[in-house]
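Let's take a friendly walk through this fold, from the whole chain down to a single residue. Keep the viewer open as you read.

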Amino acid sequence: MTYFRAVDPFPLESPEQTKLHEFYEYLAAGRLVTTACRGCRRRDWPPRGFCPECGSDQFDWSDLPHEGLLHAFTVQETGVPAGFDKPLIFGITRLDELRIFTRIIETEPAELAVGKRVQFTPLRVTDDHEGKPRYLPAFKLVE
Ligand SMILES: [Zn+2]
């Protein structure tokens, strides 16, 4: 499957390159997590290794619900990069206190509406340079 960098929050995923690498391991296992600051418990999306609230660089992984409400979406019909099926759908999903921007997949654009329920689904993208599978978070309409 083709890789679309614009919706990949962490282009560098190995333990040598980012302390957030576990995010991808959880994704591959079907879990959607983000960082929760150990200092003030603030959660952010995308995950961050440094808290903008209290300055701590200590965090825990916090599971997010797998179902949320579609807050906004857009359907890209033209200018879709080579290798992608048209149309591409992007959405902002509200999960607890967070709003998460991802692709919306496996969904007919005509069925989408703001306020509909969507569910997390890991999207497999191009393998990494060592041939390990990679995933990005995505959502699809709840049937
Ligand atoms: Zn904090």
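Starting at the N terminus, the elements of this predicted model follow the order α-β-β-β-β-β-β-β. In other words, the chain holds one helix and seven strands. Its radius of gyration is 16 Å, close to the 15 Å that the globule rule gives for 143 residues, so the chain is as compact as a globular protein of that length. The C-alpha trace spans about 45 × 40 × 25 Å along its principal axes. Of the 143 residues, 20% count as buried. If you look at contacts between residues at least 6 apart in sequence, 48% of them join residues at least 24 apart.

How is the chain divided? There are two parts, domain 1 (16-64) and domain 2 (66-143). Their centres, taken over C-alpha atoms, are separated by 21 Å. Where the two meet, nine residues of domain 1 are in contact with twelve residues of domain 2. Helix α1 (residues 22-28) supplies the largest share of the domain 1 side, with three residues. The table sorts that same side of domain 1 by class.

| Class on the domain 1 side | Count |
|---|---|
| nonpolar | six residues |
| polar | two residues |
| charged | one residue |

Now for the strands. Which ones close into a barrel, and in what order? Five do, in the order β3-β4-β5-β7-β6, and the pairing is mixed. From one strand to the next, the twist averages 45 degrees. As a general reminder, strands of a sheet pair through backbone hydrogen bonds, either parallel or antiparallel. Strand β3 (residues 67-76) and β4 run antiparallel and are joined by seven bridges. To find this pairing in your viewer, look for A72, which stands opposite I92 in β4.

Finally, zoom in on D96, which sits in the loop between β4 (88-95) and β5 (98-104). Is D96 buried, partly exposed or exposed? There are 13 other C-beta atoms within 10 Å, so D96 is partly exposed. Leaving aside residues up to four places away in sequence, D96 touches L64 and P65. You can also check the spacing between D96 and F120: they are 24 residues apart along the chain, and their C-alpha atoms are separated by 13 Å.

Terms used. Residues numbered from 1 in each chain as written. Predicted model: local features only at pLDDT ≥ 70, side-chain atom pairs only at ≥ 80, totals over all residues. Helix = DSSP H or I, 4+ residues; strand = E, 2+ residues; numbered from the N terminus. Buried ≥ 20, exposed ≤ 12 C-beta atoms within 10 Å, placed from the backbone. Contact = placed C-beta atoms within 7 Å. Rg over C-alpha atoms; globule rule 2.2 N^0.38 Å. Domains from an automatic or database assignment. Nonpolar A, V, L, I, M, F, W, Y, C, P; charged D, E, K, R; others polar. Pairing = 2+ DSSP bridges. Axes fitted to C-alpha atoms, helices over the stretch in contact; angles between N-to-C directions.
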